[in-house]
Structure formats: structure tokens, C-alpha cells
Amino acid sequence: MSSNLFIPPWAEQVAEQLGTGPHVVVTGISPSGNIHAGNLREVLVAEAVANALKARGLEVRFVFHADTIDPLRKIAPGIPADYKSYIGHSLSRVPDPEGCHDSYAEHFLSPFEETLKRMEMHVEVLRSHELYEDGFYTEVTREAIEHTEALRRILQEVSGREMPKHWSPYLPRAGSGQVVGARVLEHLPGENKVVFADEDGWEEVADYGRGEGKLGWRVELAARWKALGATFEPFGKDHTSRGGSTDTADRMAEEVFRYPVPGRYEYEWIQIKGKGAMSSSKGIVLLPQEMLEIMPPDALRRLILGRDPARALDLDLGAGFPRFMDEYRAEVEPYPVPFAHLVTVAQTVGGEPEKAAVMLRRGGYEEAASDLAELRRDLAYARNWAEKWAPESYRFGVREEVPLEVANLDAEQRTYLAAVAGRLEDGMDGEATQDLLYSTAVELGLKPKTAFGALYTTLLGKKSGPKAGSFVAGLDTDFVRERFRHVSGLTTAGEVED
Ligand SMILES: [Zn+2]
């Protein structure tokens with residue numbers, strides 16, 4: 001199944017309501033901090049709807065509108081405190097706090113754009129400061145300024161707040177670099193200019209055809225629908241609450257810009273299990289690029305969207321992740337290896353796909369062992385997960401030396417190890433090995449937990465471990481036999497008996 005053709009049922013329903021187009025699907029984000037997995041949800045909602053429209057044979061343009069001209073509102077966690085002096089300046093004109101990109105906006109936008117490329121998303125990324133500078137917003141800006149009174153009335157009616165006497169839909173950039181706080185005095189429509197008074201009362205001129213300022217963001221929302229010809233845009237609940245930005249933009253679009261309100265989908269937020277709603281300003285974030293280290297792009301799509309993006313999602317990359325991966329792979333692969341077993345294999349053989357293939361074959365996963373390139377990729381996902389997200393119970397390493405913990409094994413456990421060493425044969429698969437390990441325990445009157453505890457202790461230095469049959473079957477048989485024999489011959493004091 002190709003990534004770009006996966007169309008969930010809810011997206012199909014949305015597409016059905018949208019008409020025949022041509023369509024412009026828009027999504028927008030202000031790169032004022034880390035663009036996180038919650039933001040990705042919005043882009044993925046838009047992508048799914050765009051795909052659903054394309055699948056209907058309709059003409060679709062899919063646009064990611066990065067609000068790079070937006071003013072810096074607050075200092076994100078990890079940003080130097082002296083950036084306070086840039087508050088009110090366009091993100092595209094604030095320096096990169098780490099010095100690696102051209103601007104503050106690019107510092108956060110660029111890794112996200114890279115992620116969209118890695119996900120093979122067919123989306124046009126537009127930067128709002130470039131759109132303003134190129135004159136793309138000149139017409140709608142003129143229209144907005146000419147309808148200042150009507151726009152002000154809508155804002156007041158919807159928000160219930162009195163707007164300042166000199167309120168203007170246009171925010172010219174003052175000499176200080178601030179795009180907020182200036183007072184527009186006069187409109188020169190023939191020249192695309194406004195005359196304004198800056199904070200100190202000096203009169204200046206701004207050319208709105210060349211990006212010397214921007215529309216206030218509620219007005220801009222409606223204006224950009226018209227300028228882009230938007231027919232669909234998803235919104236989070238922060239925008240769609242009563243009196244919120246979509247309420248004002250809807251009326252501005254219809255009453256001032258004479259443009260029909262685009263189709264809409266309201267998505268819910270993503271929480272990180274045990275931490276709360278994702279938020280850049282609170283530092284509670286999961287970055288899509290780190291999530292691509294443990295799963296392929298299509299899995300990330302499904303994880304982030306969930307069954308229904310109109311519902312809140314509790315994201316669990318810890319104990320719950322193997323089950324998600326198993327459900328996903330059951331849908332897309334004919335012979336999926338359980339993720340937990342891949343984690344076992346990855347931690348046993350490291351990054352060597354040839355050795356992993358041997359272990360998988362012994363464990364009974366013949367198919368998964370055939371494509372080494374795919375196996376190398378899957379091992380990397382499993383290993384990265386084990387290192388960064390797995391609960392302690394999933395983490396282990398086969399000890400090269402006999403673990404000191406074997407001193408705790410009792411005589412019955414040692415007898416069990418000796419018996420298993422005598423019966424284990426080359427070429428036994430996971431199931432046969434599991435039977436052998438289990439029936440030997442029963443024969444000796446040992447509880448399985450006690451018996452298996454002996455083999456985990458002997459191999460891993462831990463009382464518990466991965467599913468024993470496929471794990472032991474995957475190891476070199478000589479190594480296991482020798483280790484078990486050696487440990488069975490040790491006394492509880494750790495010395496070899498005569
Ligand atoms: Zn940077």
C-alpha cells in the first residue's frame with residue numbers, strides 16, 4: 001500500500017462533502033518553537049483529505065502555510081532570555097538562537113520540512129514573509145484596509161471586546177522592527193502604502209505590496225483563504241472555540257472578502273501519556289523526527305492520526321508501543337515478526353542483519369529473514385526503541401562472561417540447566433525449543449518461572465527476559481549448551497565442583 005494513497009474513512013467522508021473543486025487544501029503553522037507531533041497531526045489531517053480528493057479524480061493543490069512573518073510572542077524553552085528584545089519582531093527577521101539557520105523561523109521550520117520530505121509528503125511549503133514580499137497579499141491587504149470599519153465591527157461583535165479607536169487590520173513594521181504597536185494614519189491605495197505613527201510618534205510609510213508589515217492574524221486568516229483560494233483547512237480546538245479565530249474569520253470571509261468559508265475539520269490534541277497535552281511553550285513535545293527513528297513514515301501517519309483525529313489521543317511510545325507496531329504490521333506485511341521479538345533480536349545481535357537473519361530463521365520467521373535491507377531498517381527501529389523508550393523489562397544484553405548473578409541459583413535450577421544442555425539440539429526452532437524448556441521443567445517438578453529464571457540469569461544476568469523459546473533458539477546452540485553446562489557445574493559459592 002503506497003503511503004500517499006492511504007485514505008482513512010473519516011477523510012473519505014470529509015471529501016464527500018467538499019464538492020468538485022478545484023481544491024486548495026491548506027494547513028498553517030507558526031514556527032515559533034519546536035514543531036511537534038501535535039502540529040504534525042494537523043498536517044496529516046490535511047494530507048488525508050487531499051488524498052481523498054485526489055482519489056476522487058479531483059484537482060488538488062496541498063499547501064503548508066508557514067507563518068514566518070508572524071511576530072515572536074514569547075520565548076520558547078531553551079531560547080536565551082535576551083531574546084525578549086525580539087518580541088514583536090517577525091520570526092523571519094529574528095536571528096537563529098543556535099546560529100545554524102538564516103532565522104529563528106527557519107531554525108524550527110527547516111527540520112519539520114525535512115521530516116515532511118522523509119515522509120514523502122507531496123505538499124507545497126510556503127513562507128508567509130515571502131508571500132508578502134512578493135506581493136501575493138497586496139490585493140487582499142488593500143481590501144482589508146478599505147474595509148477597516150466593517151472588520152472592526154465583526155471583531156467587536158464576535159469577541160465582545162471594544163477595539164482601540166485607531167485599530168487597523170494592517171500592522172506596519174516600525175523602524176524598531178516591531179510589527180505591533182504602530183498606528184495607521186492614512187491609506188495610499190494607489191501606491192500600496194500606509195502612513196503610520198511609530199511608538200515614538202514619528203510618521204513613517206510602509207509599502208504593503210513589499211512585505212513591510214502584515215495583516216493582523218485574525219484578518220489574515222480570512223484574507224489568505226481568499227488569496228490562496230482555500231477550499232479546506234483543518235483547525236485545532238484552540239481556534240474553533242466560541243469567539244475564537246475561526247468565528248471571526250468566517251464572518252470576515254463572507255461579509256468583507258466575499259469569499260465562501262472553506263470546508264473544515266476540527267481535530268483534537270495529542271497528549272503524551274503521563275505528561276499531558278503537547279505544547280512547545282511548556283516544553284512538552286515529541287518531535288516527528290525522533291519518532292521516525294523507531295517506526296516507518298506510514299506507521300507514524302497512523303499513530304498520529306489514530307482511528308479518528310476528532311478524538312484526543314494519548315500517545316504511548318513506552319509499554320504500549322509494541323502492540324501498536326504489531327497491529328500496524330499485521331495490516332501491511334504478510335508475515336510480520338512480533339515487534340517484541342525484533343527487539344530481542346536487535347539486542348542480541350546488534351546491528352548485523354546477517355546474524356539477525358540466522359536468529360529469525362531459527363525462531364521460525366523465515367520470511368522476515370529474506371530481505372536484509374528491510375531487516376536492517378527494522379532492527380534499527382527496534383534497537384532505537386529499546387534504547388530510548390522501552391520499559392526496563394524489555395532491555396537486556398546477552399552477557400559475554402558468566403554473570404555473577406548465577407551464584408543465586410539453587411541446586412534444582414542447576415540440574416535443570418544441565419538437563420536442558422543435554423537435550424538442546426542444533427536446528428531446533430522456537431516452538432520446539434519452547435516445548436523442550438517447558439517439558440524439562442515439568443519433568444523435574446520445577447515451576448516454569450523458577451526454571452526459566454535460571455536460564456535468564458545464566459544468559460542475561462536477569463530473572464526475566466524475552467519469550468524463552470525463540471530467544472534461546474536464536475542463539476548459537478554450542479554457546480548455550482556450554483554456558484548451561486558450565487553454570488550447572490558451579491557450586492552456590494561460585495566455585496567449580498571436583
Ligand atoms: Zn538553526
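In the hairpin of S5 and S6, Asn 192 takes a positive phi near 55°, and four residues sit between the two strands there. Keep in mind that this is a predicted model. Below is a quick tour, starting from that hairpin, moving on to helix H20 and ending with the chain as a whole.

**The hairpin and its sheet**

- S5 and strand S6 (residues 193-197) run antiparallel to each other, and five bridges pair them.
- One bridge to look up is that of Arg 183, whose partner in S6 is Ala 197.
- The hairpin belongs to an open sheet of three strands, ordered S5-S6-S7, with antiparallel pairing.
- Strand S5 (183-188) and strand S7 (203-207) are the edge strands; each has a single partner strand, so one side of each is left without a neighbour in the sheet.
- Neighbouring strands in this sheet are turned against each other by 30° on average, ignoring direction.
- If you're picking out side chains here, remember that in a regular strand they alternate between the two faces of the sheet.

**Helix H20**

- Helix H20 covers residues 477-488, which is twelve residues. At 1.5 Å a residue it should span 16 Å, and its end C-alpha atoms are indeed 16 Å apart, so the two agree.
- Which residues of H20 are buried? They are Val 480, Arg 483, Phe 484, Val 487 and Ser 488, so there's an arginine and a serine in that set.
- These buried residues cover an arc of only 125° around the axis, which puts them on the same side of H20.
- Turn to the face pointing away from that buried side and you'll find the exposed residues Asp 478 and Glu 482.
- What covers the buried residues of H20? The cover includes helix H16 (411-423), helix H18 (448-460) and helix H19 (468-474).

**The whole chain**

- In secondary structure, the chain comes to 20 helices and 13 strands.
- Its radius of gyration is 31 Å, well over the 23 Å that the globule rule gives for 498 residues, so the chain is more spread out than a compact globule.
- The C-alpha trace tells you about its extent too: along the principal axes it spans about 105 × 50 × 35 Å.
- Buried residues make up 42% of the 498 residues.
- Of the contacts with a separation of 6 or more, 70% are between residues 24 or more positions apart.

Methods. Residues are numbered from 1 along each chain as its sequence is written. This is a predicted model: local features need pLDDT of at least 70, side-chain atom pairs count only at pLDDT 80 or more; totals for chains, interfaces and linings use all residues. The expected span of a helix is 1.5 Å times one less than its number of residues. A residue is buried if 20 or more other C-beta atoms lie within 10 Å of its own, exposed if 12 or fewer, and partly exposed in between; C-beta atoms are placed from the backbone. The arc is that of the directions from the helix axis to the C-beta atoms. Two residues are in contact if their C-beta atoms, placed from the backbone, lie within 7 Å. The radius of gyration is taken over C-alpha atoms; the globule rule is 2.2 Å times the number of residues to the power 0.38. Two strands pair if DSSP finds at least two bridges between them. Axes are lines fitted to C-alpha atoms, for helices over the stretch in contact, and angles run from 0 to 180 degrees between N-to-C directions.
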